[in-house]
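Please open the structure in the viewer and keep the sequence panel in sight. The tour proceeds by selections, each followed by a description of what is found there.

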Amino acid sequence: MRSRDPGGLLTRVLFRCALAGLGVGLQLAWRLSARFRGQLAHARTVEIGSADGVFHRYEFSPRGVTSRAGRADKPDVGLCFDNARLGLVTLASPHAVGRIVRALLERSAEYEGNAVLVLWFFGLTRFVLPIGRTAPLRTPLPAV
């Protein structure tokens, strides 16, 4: 995807920091929350990024969560926003899932892989960012 409206340096740095901070929060949630760990029955890799060059990957397994800057080789799901500003605003929104769907329909975001995992991932982010929190899944996602 090529950005139609690339963000400035400050916006990209803020998005990069937000994604890294989310990774730290997800690692803490894994350590502290049995409900969070219950969602990690299968190994999954999620990549979030923007077409103006910011990418971060999260690797989930029953044994833990790792978070790294950069692209993933073969993510189970990847979500790429048109620019870092859109990614940052969407991530922090209490209506993140609705904003993602709207961005996908407007073609200001693209995904690769299993779209259901986008919803699963943003459900996990609500453990860290309890904005617009929804109830957790009663059982982990099945193997795909």
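Leaving aside its neighbours within four places in sequence, which residues is Asp-76 in contact with? Before selecting them, please note that this is a predicted model.

**Selection 1: Asp-76 and its surroundings**

Select Asp-76, which is placed in the loop between β3 (64-69) and β4 (77-81). Then add the residues that answer the opening question: Ala-43, Arg-44, Thr-45, Glu-112, Gly-113, Asn-114 and Leu-117. Among these, Thr-45 deserves a distance label, as its backbone nitrogen lies 2.6 Å from a polar atom of the Asp-76 side chain. A second label may be drawn between the C-alpha atoms of Asp-76 and Glu-112, which are separated by 7.9 Å. Along the chain, these two residues are 36 residues apart.

Is Asp-76 buried, exposed or partly exposed? Its relative accessible area is 30%, and because this value falls between the 20% limit for buried and the 50% limit for exposed, Asp-76 counts as partly exposed.

**Selection 2: the sheet**

Next, select the strands and display them as a cartoon. They form an open sheet of five strands in the order β3-β2-β1-β4-β5, with mixed pairing. At the edges are β3 and β5 (109-113), each of which pairs on one side only. From one strand to the next, the twist averages 10°. Strands of a sheet pair through backbone hydrogen bonds, in either a parallel or an antiparallel arrangement.

Now restrict the selection to β4 and β5. These strands run antiparallel and are joined by five bridges. To find one bridge pair, select Phe-81, whose partner in β5 is Ala-109.

**Selection 3: the helix on the sheet**

Add helix α1, residues 9-32, to the view. Helix α1 packs on the sheet, where it touches β1 (44-50), β2 (55-61), β3 and β4. To examine the orientation, compare α1 with β2: their directions make an angle of about 10°.

**Selection 4: the whole protein**

Finally, select the entire protein. Its secondary structure consists of five helices and five strands, which follow the sequence α-α-β-β-β-β-α-α-β-α from the N terminus on. There are 144 residues, of which 40% count as buried. Among contacts with a separation of 6 or more, 70% are between residues 24 or more positions apart. With a surface display switched on, the protein exposes about 7,900 Å², and carbon and sulfur atoms supply 56% of that area.

Conventions: Residues numbered from 1 in each chain as written. Predicted model: local features only at pLDDT ≥ 70, side-chain atom pairs only at ≥ 80, totals over all residues. Heavy atoms only, no water. Helix = DSSP H or I, 4+ residues; strand = E, 2+ residues; numbered from the N terminus. Buried < 20%, exposed > 50% of the residue type's maximum accessible area, 1.4 Å probe, protein only. Contact = heavy atoms within 4.5 Å. Areas by Shrake-Rupley, 256 points an atom, 1.4 Å probe, with all protein chains shown as cover. Polar contact = N/O pair within 3.5 Å; in protein donor to acceptor, adjacent residues only side chain to side chain. Pairing = 2+ DSSP bridges. Axes fitted to C-alpha atoms, helices over the stretch in contact; angles between N-to-C directions.
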